[in-house]
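Me: I would like to learn how to read salt bridges and buried side chains in a protein model. Could you take me through it step by step?

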Amino acid sequence: MDKKLKLWDATMLVMGSMIGSGIFIVSSDMMRNLGSGYWLIAVWVITGILTVAGAISYGELSSVFPKAGGQYTYINEIFGKMAGFLYGWGLFTVIQTGTIAAVAMAFGKFTAYLVPWLNNSDPIFQSGSFRITWVQILAIVIIMLLTYINTRGVKDGKLLQNLFTVSKILALLGLIAFGFILVKDSHWTENLSFGWNAFQDFGKEVGNDLVPAGWKEIGGITLLGGIAAAMVGSVFSSVAWENVTFMSGEIENPKKNVVKSMVFGTVAVMSLYLLVNLVYLNALDRDGIAFADKNRPAVAASEMIFGSFGTVIMAVLVMISTFGCINGLVLAGARVYQTMAKDGLFFKAAIGNNRHGVPGKSLWMQGIWASVLALSGQYGDLLDMISFVIVLFYMITVFGVIWLRIKKPDLERPYKTWLYPVTPLLYLLIGTAFCVLLIIYKPQYTWPGFLLILTGVPVYFFINRKDKEQGV
């Protein structure tokens with residue numbers, strides 16, 4: 001296969017897939033859960049450690065299995081066909097496609113800042129609580145457009161990815177710089193004055209707006225639940241870095257460049273995220289972050305920095321960011337379904353490449369299902385459901401590093417996990433704490449995604465039954 005992606009392209013894919021809409025939105029909910037600048041920063045730091053530790057651990061597996069399919073291949077090779085299938089099933093049904101849908105919806109909602117009628121017009125169709133709006137139609141158009149572009153070959157997808165990723169990195173750096181230079185009334189001291197005391201205020205709805213209802217100090221069990229709930233947002237904003245592993249078969253020198261791109265990319269993105277949150281704490285007071293209009297602290301901060309024109313600047317930035325993010329997710333995801341199809345675990349049609357050398361049918365299957373999910377219109381529901389399932393599979397894969405060291409100590413490892421076994425154990429420790437706290441205190445964030453994965457069990461046995469009947 002022609003290796004068309006260099007280290008720079010792979011790093012741009014990591015960063016572009018990670019930076020979507022989350023960083024511009026989730027800090028509002030995080031602040032409502034914890035109510036302190038210290039805790040907001042702490043949760044982002046914990047998430048950063050978790051993310052980089054995961055990327056460093058994955059590096060070892062990417063050097064042992066340097067082929068397309070990435071995480072699916074790792075799980076399949078280490079834990080067997082069924083475990084690999086359940087990951088691939090989860091990826092297609094909700095992880096990859098759900099993230100594409102959620103980010104596309106965010107693109108539509110921020111576009112509505114520039115084109116208000118998108119929000120103000122009546123639903124195209126409504127039946128009970130289900131409705132189809134123009135924002136959803138725009139989200140689907142974007143998914144279909146980027147799917148089409150990626151069916152034209154890796155070169156087109158790569159150029160688009162690099163252009164949009166560089167654009168959003170420069171825009172974020174500009175926001176960070178101006179966020180400290182142009183803000184006249186800094187709220188930094190005020191936001192950090194609460195120290196390690198934590199508070200919650202989930203507000204009350206007044207019309208279509210969420211307004212403060214009064215902060216209540218929390219501790220103990222409630223604080224643990226608040227940290228877990230806050231991490232749902234920061235984790236969702238920090239996933240998809242593993243997408244580069246799906247493209248291993250098309251990356252130059254994958255044994256070295258995949259791990260380098262993951263480590264460089266995750267460190268850079270988590271540093272940017274931390275700095276953006278410092279801008280929020282500088283530009284806005286606690287209520288300003290927690291109850292920003294429509295949960296968009298980035299827009300509120302941008303208005304403080306650039307005045308009324310800040311809304312337009314931020315809307316354009318988020319549109320660039322989400323467009324590039326969707327492209328990265330579309331580009332990478334289809335390679336997993338193609339690898340699964342070759343293993344007899346997905347539709348046979350997904351096996352072949354089109355005349356441009358890319359898995360065209362796999363891309364369209366992904367695009368169509370992501371569009372169906374976008375019709376649900378529930379960005380928050382998709383976000384909540386995805387984070388738990390993603391971390392669960394990350395943990396299984398990271399544990400695979402340890403398992404492989406025990407089972408096959410003599411296996412050639414061109415790259416070995418830095419600070420092994422501390423790094424994978426650190427990931428497993430933080431990941432377990434996150435998952436357990438969510439199961440206990442926020443079960444609504446866990447069971448829908450978990451049940452969706454379990455629906456793959458009968459599908460797996462049905463596929464294997466057909467294989468046995470055919471003597472495979």
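Me: Which side chain does Glu60 meet in a salt bridge with a closest N to O distance of 3.0 Å?

Reply: Let's start with the general idea: side chains of opposite charge can pair when their charged atoms come close. A salt bridge here is a side-chain nitrogen of Lys or Arg within 4 Å of a carboxyl oxygen of Asp or Glu. In this case, the side chain of Glu60 meets that of Arg413, at 3.0 Å from N to O. The pair links distant parts of the chain, with Glu60 in helix H4 and Arg413 in the loop between H18 and helix H19 (422-441), 353 residues apart. Helices (H or I, at least four residues) are DSSP runs numbered from the N terminus. Before going on, note that this is a predicted model, where local features need pLDDT of at least 70 and side-chain atom pairs count only at pLDDT 80 or more, while totals for chains, interfaces and linings use all residues. Residues are numbered from 1 along each chain as its sequence is written, and side-chain values use heavy atoms, leaving out hydrogens and water.

Me: Which other residue is linked with Glu60 and Arg413 in a network of salt bridges?

Reply: That is Arg405, which joins Glu60 and Arg413 in the network. The closest N and O atoms of Arg405 and Glu60 are 2.8 Å apart. Arg405 lies in helix H18 (residues 379-407) and Glu60 in helix H4 (residues 37-64), so this pair ties together parts that are 345 residues apart in sequence.

Me: Are Glu60 and Arg413 buried or exposed?

Reply: Look at the relative accessible area: buried means under 20%, exposed over 50%, and partly exposed in between (1.4 Å probe, protein chains only). Glu60 counts as buried because its value is 2%, and Arg413 is also buried, at 9%.

Me: How many salt bridges does the structure hold?

Reply: There are eight. One of them joins Arg32 and Asp29, at 3.4 Å from N to O. Both residues lie in helix H3 (residues 27-34), three residues apart, about one turn of the helix. Arg32 is buried at 6% relative accessibility, whereas Asp29, at 27%, is partly exposed.

Me: Now for an uncharged side chain: what does Thr93 contact, beyond its neighbours within four places in sequence?

Reply: Contact means heavy atoms within 4.5 Å. By that rule, Thr93 touches Trp369, Leu373 and Leu452. Thr93 sits in helix H6 (residues 81-114) and is buried, with a relative accessible area of 9%. A polar atom of the Thr93 side chain also lies 2.7 Å from the backbone oxygen of Trp89.

Key: Helices (H or I, at least four residues) and strands (E, at least two) are DSSP runs, numbered from the N terminus. A polar contact is a pair of N or O atoms within 3.5 Å; within protein, one must be able to donate a hydrogen and the other to accept it, and residues adjacent in sequence count only if both atoms are side-chain atoms.
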